[in-house]
Amino acid sequence: MMKQENVLITALMAWGKTDTKGNSRARGGPSWNPLLAHLLDVAAVTGALWNRYLPPTVQDRLAAAFGGGDHGTARRMVMFLAAVHDLGKASDCFLRQFGTGRFATPYLRKERSVWETHARATGLPLGTNLEAAWWARHEHITAAHLPRLLGCTCEDCGGTGPVHNGLHTTAHLLGGHHGHIPQKDTVDRAAGAASHHTWEPTHRVLIEEVARHIGIDLLQVPELVQPERPSSLTLFTGLVVLADWIASDETQFPYRQPTDSPRTWWHRSQHNAQAALTKLKLDRWKPQPVTWDELWPGTQPRDFQAAAISLMPERGPALVIVESDTGSGKTRLALWCAHYLARTCGYQGLYMAMPTRAATNQIAEELSSFIDAALGEQQQAPLAVVHGTAAATDIVHRLLDAARPAGPELDDLAAFVTGTNSTECSDQTPQRAVLDPWYLRRCLGLIATFGIGTVDQMILAAQKSRHWFLRMFGLACKTVIIDEAHAYELYQQDLLTAAVSWLADAGASVVVLSATLPAAVREALTKAWCRGHRTTLNDTGDLGPITVVDGRGHARRGGPTAPPEALRTKMDFQPDTGPATLAAGLLAEGRNGGCLGVVRTRVASACDLYEQAQAQAAAAGWRSDEIILLHGRMMPRDRLPIEDDLIRFLGLGQDRSKPNPDRPGRLLVIATQVIEQSLDLDFDRLYTDLAPIDLLIQRRGREHRHALNHPHRPSPFADARMTVWWKPSPDGLPLVEPPDHHNGRHTGNPDGYVYAPYTLAATWNTLTHRSDKNGIVHLSTPRDSTPLIEAVYGPHSPADSPADKLLNRTRTAWQNTLAEEHQQAERRGVHPYSERRGTPIGVHELADGRAHGDGDEGGTEGIAALSRLGEPSVNAITLYQQNNGTLTYDPAGNHRADLADRSNHSTPAHTARFRAQQRDLLLNTLSLPATWFQGRVALPDPEKWPRFNHPPLRNARVIILTPNGTCVSGPTEHITYSPVTGLAKL
């Protein structure tokens, strides 16, 4: 007994964290935190998360893997295993880092000397020359030694018994808690960095002490630790990482005095864990039974919404696929489903995956209002807006201010950009939906109870990259809503199906929304769902636009008993005669009133048309401000106010029972695809470049969208009309292929770089064959949607006409592209079960490394995770230089750039200045297309651009413009920028 106590006293001298930021010293605390104290903190947070955060579905998976099916046993076991994740810190190579390297301050060097002297005196087995210690990462040391310490007697563990796969699997998962699950050879090499002959007594006493406080019988560990289901691997690892991050917050978990007893530490750990979760509002959603009218006052479910409600299972997870026209109320139905599934399955929350950032920002407002009505017994809950340009948006700042008016800082400039110019809080600040800045850090937006962001997060969750399993963990605790499911390239769709399989295996639910879903995509989603549940589809053969598949694979389909009201559109085709002629026609048609919308495929086409429209405006009787240009190559400072104006002018008003009083009598909007998806805009008349059929149907949904406006539309626009501009070739067929100088095709249509030429040609061919004698295509949706989509994307029968030759030639190229996208997805995607035999994936197949990147950042080409194919754009902070040398955010020089060091957040005033600086820099961030850095007139390498010593610019790429938009630093003389027309390459 005395020997055991002596070993414990020795083990308590192993440190887990040192006061590198001086926070503990400022509070009068110690310079280092005992390793055991941190292990207990992580155990306590894990237990609190189990009780307050994890849904029953996730608890079930973890109970089967770590508790023999018993929830109480599994909770204690997972707490214990999460605690020992840092066991490898008890090693020479880790402990030698006290007060060294970039942490070598005089204070820490002095404290290191005191600690080392005391540690050696108590018998901690430090080597004589710590600087010469064999180096390995501490998490890999944990993975190397833990199976033996917990009872495995295989040859690798120094015995002669069988391999305990469960212990080795769990150890490898813990070895990945810093982001990358290690390869076996990496773990094997790490074993020598902490010889078991030297460090085993210390490791054992730490394990025994943790087990004693939690209530674990170590002899039962080998019997209980049996993780086999794929989702149990990612759920466990994600939970450990989350608990570790929370327990590493020194403001919530102050350093412990080594002289205090571990029992005192444990009591404090449990108290601090509850306080930390309360601060972050990390609780499951607890919705109460409510009616549709209580969620959306003054409304009742439409027929198709009521039909979907009737198909929902009484209990258990569900895949819900809703196919309905744009503007039909799919979003509200999806939110109702999430509310219902949270009540029946106990999900922690919901995440909405959107096609674009603009759509995310708009629907975030609706989601915030939904939370006010649907939250239930909780007072507040976190709502995270999750995309690469989110942290400066107006709603994010309102959420931050609602949580804490003095608002802590936005933590990561590089990860978040966008916003509006408004710095004032709206009178309608959401009070129940709030946001702590903690959720702005990487991956953590998916941990929030409610989240909305781009679909990229789901796609990255099914690929190996740093902390990919944390993304999957956050999604697996929720109902996940995938909006505009038809809008994604095949590469993305393949990875979405992989994510759906993982979510199904974890017990989550998925709601898929689409106006134009091809049958092949629907089939792939249902197969992926059933594969995740290890079952096959049991289809009753029912028909209908709504499909609900439960966890047993039983599919029910249905829809309104009466056909939905048809949306009828007259579609005609007109040759693209150039921007001057097109602009003249637009101005003439809208001269007497009406809101006209134009969707162009390329930014250059939109800008050319806009400039011609402005040049002719006065002569045609139009004001300049009645013509609006919108595309994605604008600074958020310039683009987002335009988006807000469009929503205010062309969306529903505050009173949805009456026409929008802000709707203008006349407006011409020229835009790219940014207005195509999810934005609630209503035009009287629509023009569009030739695009794939599903996108044309989608764009039709931006015309005559709101019935409230029908009686007030100008008489020429009483009927919905959509004109498709196309480029005729000399043979009368559409010009759809881009120039190809290498193969002798020196003319072509650059739109073919954006959309597959086959889909353009097949769309033109399908629609023109349906036209009447006047060249009008009478489109009735949703009736015509599926036949048209299948006609374009389905099988094609070869023939010998000129049109068929074009289709045959371009189809071959299209199929080759699809095959390459599929191969890319297969190469990168991680599936819980093999497609052919249903074999569950093992831990070694989950191993990854730096080559896989951070999720759209870093990594090795061909291996790194990507949310979409194509080179990523280059982001740069863009500032204006005035004649006197002053740098400003605006060309007029009215808003001077704050480039001071704002890292001091000691007071609310300091924090407010930091937040304002971050937001302004984010609003001035531009994305330059990757293709601009290739070819004969490539922009210079961003790594060679001039660097700036101003603190907020030191690690950023910077572009400096003159007030007239000429670039004078960065890609000098290669680009120009206008707040009106945006970024252009010279």
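This dialogue walks through a predicted model, from the whole chain down to single residues.

Biologist: Start with the whole chain. How many helices and strands are there in the chain?

Modeller: The chain has 31 helices and 26 strands. Its radius of gyration is 30 Å, close to the 30 Å from the globule rule for 986 residues, so the chain is as compact as a globular protein of that length. Along the principal axes, the C-alpha atoms fill a box of roughly 100 × 75 × 60 Å.

Biologist: What share of the residues counts as buried?

Modeller: Of the 986 residues, 58% count as buried. The accessible surface is about 39,100 Å², and carbon and sulfur atoms hold 50% of it.

Biologist: And contacts along the sequence? What share comes from residues 24 or more positions apart?

Modeller: Take the contacts with a separation of 6 or more. Residues 24 or more positions apart account for 75% of them.

Biologist: How many charged side chains are there, and how far apart are the centres of the two sets?

Modeller: There are 98 positive and 103 negative side chains. The centres of the two sets lie 2 Å apart.

Biologist: Now one helix. How do I read its geometry?

Modeller: An α-helix has 3.6 residues a turn, so residues three or four places apart point the same way. Then compare the span with the expected value. Helix α8 covers residues 138-149, twelve in number. From first C-alpha to last, α8 reaches 16 Å, close to the 16 Å expected at 1.5 Å a residue.

Biologist: Is α8 mostly covered or mostly open?

Modeller: Mostly covered: twelve of its twelve residues are buried. They include charged and polar names such as E139, R148 and T142, alongside I141, L146 and L149.

Biologist: What covers the buried residues of α8?

Modeller: Other helices are part of the cover, including α6 (92-95), α9 (165-174), α10 (184-190) and α11 (196-214). After α8 comes G151, with a positive phi near 125 degrees.

Biologist: Which residues other than glycine have a positive phi?

Modeller: Two cases to look at. E484 has phi near 50 degrees. E484 sits in the loop between β8 (478-482) and α22 (490-506). Its relative accessible area is 6%, so E484 is buried. H704 also has phi near 50 degrees. Its loop runs between α27 (693-700) and β18 (721-726). H704 counts as buried because its relative accessibility is 9%.

Biologist: What about the peptide bond itself? Which residues does a cis peptide bond join?

Modeller: Check omega. Between T781 and P782 omega is about 10 degrees, and the bond is cis. P782 lies in the loop between β19 (776-781) and α29 (785-793).

Biologist: Loops again. Why does L939 count as buried?

Modeller: Compare the accessibility with the cut-off: buried means under 20%. L939 has 4% relative accessibility, so L939 counts as buried. L939 is in the loop between β22 (925-928) and β23 (958-961). Setting aside residues up to four places away in sequence, L939 touches L928, W932, F933, P971, H974, I975 and K985. L928 is eleven residues from L939 in sequence, and their C-alpha atoms are 9.8 Å apart.

Biologist: And H852? Where is H852 found?

Modeller: In the loop between α30 (802-828) and β20 (874-881). H852 counts as buried because its relative accessibility is 17%. Beyond neighbours within four places in sequence, H852 is in contact with K464, S465, G859, I863, A864 and A865.

Note on methods: Residues are numbered from 1 along each chain as its sequence is written. This is a predicted model: local features need pLDDT of at least 70, side-chain atom pairs count only at pLDDT 80 or more; totals for chains, interfaces and linings use all residues. Side-chain values use heavy atoms; hydrogens and water are left out. Helices (H or I, at least four residues) and strands (E, at least two) are DSSP runs, numbered from the N terminus. The expected span of a helix is 1.5 Å times one less than its number of residues. Buried means under 20% relative accessible area, exposed over 50%, partly exposed in between (1.4 Å probe, protein chains only). Contact means heavy atoms within 4.5 Å. The radius of gyration is taken over C-alpha atoms; the globule rule is 2.2 Å times the number of residues to the power 0.38. Accessible areas come from the Shrake-Rupley method with a 1.4 Å probe; for residues, only the protein chains shown count as cover. Lys and Arg count as positive and Asp and Glu as negative; His and the chain ends are not counted. The place of a charge is taken as NZ of Lys, CZ of Arg, CG of Asp or CD of Glu.
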